[in-house]
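These notebook entries record what I looked up, one topic at a time. I began with a single residue and then moved on to the sheets, the helices and the ligand.

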Amino acid sequence: MDADSRSDQTSRQKTPYESPRSERTSRRESPRQSPQLVVDKDGNLSLEADGVSLRGDFARLLPRLRPQNLRRELIVRATRVRGVASPVLVDATAGLGEDSLLLAAAGFSVIMFERDEKVAALLGDALRRARQDPRLSEVAGRMRLMQEDAVTGLKRLELRPDVVYLDPMFPARRKDAATNKKLQMLRMLEQPCTDEGAEALLAAALGAGPRKVVVKRPLKGPHLGGLRPSNSLAGKVVRYDILTGPPAT
Ligand SMILES: C[S@@+](CC[C@H](N)C(=O)[O-])C[C@H]1O[C@@H](n2cnc3c(N)ncnc32)[C@H](O)[C@@H]1O
């Protein structure tokens, strides 16, 4: 199911994920509250746990979308394909869609897969708001969300994407746990990618026949699935490994 339309419908009313107010209040007091989706009076969706609130917000990224900034983004440089008029990229691990937004702004039509239903709902809600925002509507119009596991979704694609982008959850660092409650909340929903999960994801990405697969990794992390990339672009914190596919026919 295309999750865009589903989230558009659910965000204006109680969602199946939303807990009753009494339950929300009592859970907020619990230190181990599991994240709950909540709809505010304007119909916007957020994920809440232990007083921390998380929502998708593309407007926050507007400064990074300015052309002079965008072309310096490492992710944009790593995914660039030359000589294609309307390139298509699959973001197989979309999360809250921030990388997808940068890539759509860089000119890709982006197909986003997100398997977690709560994260997909947040992303669908952010996309709905972006489509109503004149500053973001054109870019958001190139983004399509599928709430589905990418391992199966990639096999069912009816087109051959130019690029497949992977950003599976990194293992937790001590610093993250101490400083970033929002990251902790996401970690409650998703465990770091296992070796088997990484191999399945990488095999599905390569099997879709793209010109290249780009994988975001911790700067000093091992290669995903143990596969050596043809090239890497390293920043201060992360690295983009680039696996080049066979030439397009
Ligand atoms: C580190 S986050 C991605 C963050 C994203 N790049 C962004 O800019 O917001 C990883 C996301 O991938 C999703 N994910 C992991 N494996 C997946 C799979 N096989 N299919 C679809 N989604 C997957 C997780 O649920 C999680 O939301």
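**Entry 1. Arg160**

I counted 13 C-beta neighbours inside 10 Å of Arg160, so this residue is classed as partly exposed. The class follows from the cut-offs, because a buried residue needs 20 or more such neighbours and an exposed one has 12 or fewer. I note that the model is a predicted one. I then located Arg160 in the chain and found it in the loop between H9 and S7. I also looked up its distance to Val88, which lies 72 residues away along the chain: the two C-alpha atoms are separated by 8.3 Å.

**Entry 2. The sheet of three strands**

I turned next to the open sheet with the strand order S1-S2-S3, in which the pairing is antiparallel. Which strands stand at the edges? They are S1 and S3; each has a single partner strand, so one side of each lacks a neighbour in the sheet. I recorded an average turn of 35° between neighbouring strands of this sheet, direction ignored.

I went through the pairs in order. Strand S1 (residues 36–39) is joined to S2 by four bridges in the antiparallel sense. Within this pair I found Val39 opposite Leu45, and Val38 has Ser46 as its bridge partner. The two strands form a hairpin with five residues between them, and Gly43 in the turn has a positive phi of about 85°.

S2 and strand S3 (residues 52–54) also run antiparallel, joined by three bridges. Here Ala49 is bridged to Val52. This second hairpin has two residues between its strands, and I noted a positive phi near 50° at Asp50.

I then asked which side chains of S2 (residues 45–49) are buried. The side chains alternate along the strand: Leu45, Leu47 and Ala49 point to one face and are buried. Ser46 and Glu48 point to the other face and are not buried. I link this to the pairing: Leu45, on the buried face, stands opposite Val39, and Ala49, on that face too, is the residue bridged to Val52 of S3.

**Entry 3. The sheet of seven strands**

I looked up the other open sheet, which has seven strands in the order S6-S5-S4-S7-S8-S10-S9 and mixed pairing. Its edge strands are S6 (143–146) and S9 (231–234), each of which pairs on one side only. The twist from one strand to the next averages 20°.

I chose S8 (residues 212–218) for closer study. In which sense does S8 pair with S7 (residues 163–166)? The two strands pair in the parallel sense, over four bridges. Val163 has Lys212 as its bridge partner, and Leu166 stands opposite Val215.

On its other pairing, S8 is joined to strand S10 (residues 238–244) by seven bridges, and these two strands run antiparallel. Lys212 appears again here, with Thr244 as its bridge partner in S10. Lys212 is thus bridged both to Val163 and to Thr244. I checked burial last: six of the seven residues of S8 are buried, and the strand is mostly covered.

**Entry 4. Two helices**

I examined H12 (residues 195–207), a helix of 13 residues that reaches 18 Å from its first C-alpha to its last, close to the 18 Å expected at 1.5 Å a residue. Its buried residues include Ala198, Leu201, Leu202, Ala204 and Ala205. Why do they lie on the same side of H12? They cover an arc of only 160° around the axis, which puts them on the same side. Asp195 and Glu196, on the other side of H12, are exposed.

For H7 (residues 117–131) I recorded 15 residues and a reach of 21 Å between its first and last C-alpha, close to the 21 Å expected at 1.5 Å a residue. Of the 15 residues of H7, 13 are buried, so the rest of the structure largely encloses this helix.

**Entry 5. The ligand**

I closed with the ligand. How many residues surround the ligand? I found 20, the closest being Thr93, Gly95, Glu98, Asp99 and Ala150. Helix H6 (98–105) and helix H9 (150–155) are the elements that give two or more residues to this shell. By type, the shell divides into nine nonpolar, three polar and eight charged residues.

Conventions. Residues numbered from 1 in each chain as written. Predicted model: local features only at pLDDT ≥ 70, side-chain atom pairs only at ≥ 80, totals over all residues. Pairing = 2+ DSSP bridges. Axes fitted to C-alpha atoms, helices over the stretch in contact; angles between N-to-C directions. Near = placed C-beta within 6 Å. Nonpolar A, V, L, I, M, F, W, Y, C, P; charged D, E, K, R; others polar. Expected span 1.5 Å × (residues − 1). Arc of directions from axis to C-beta.
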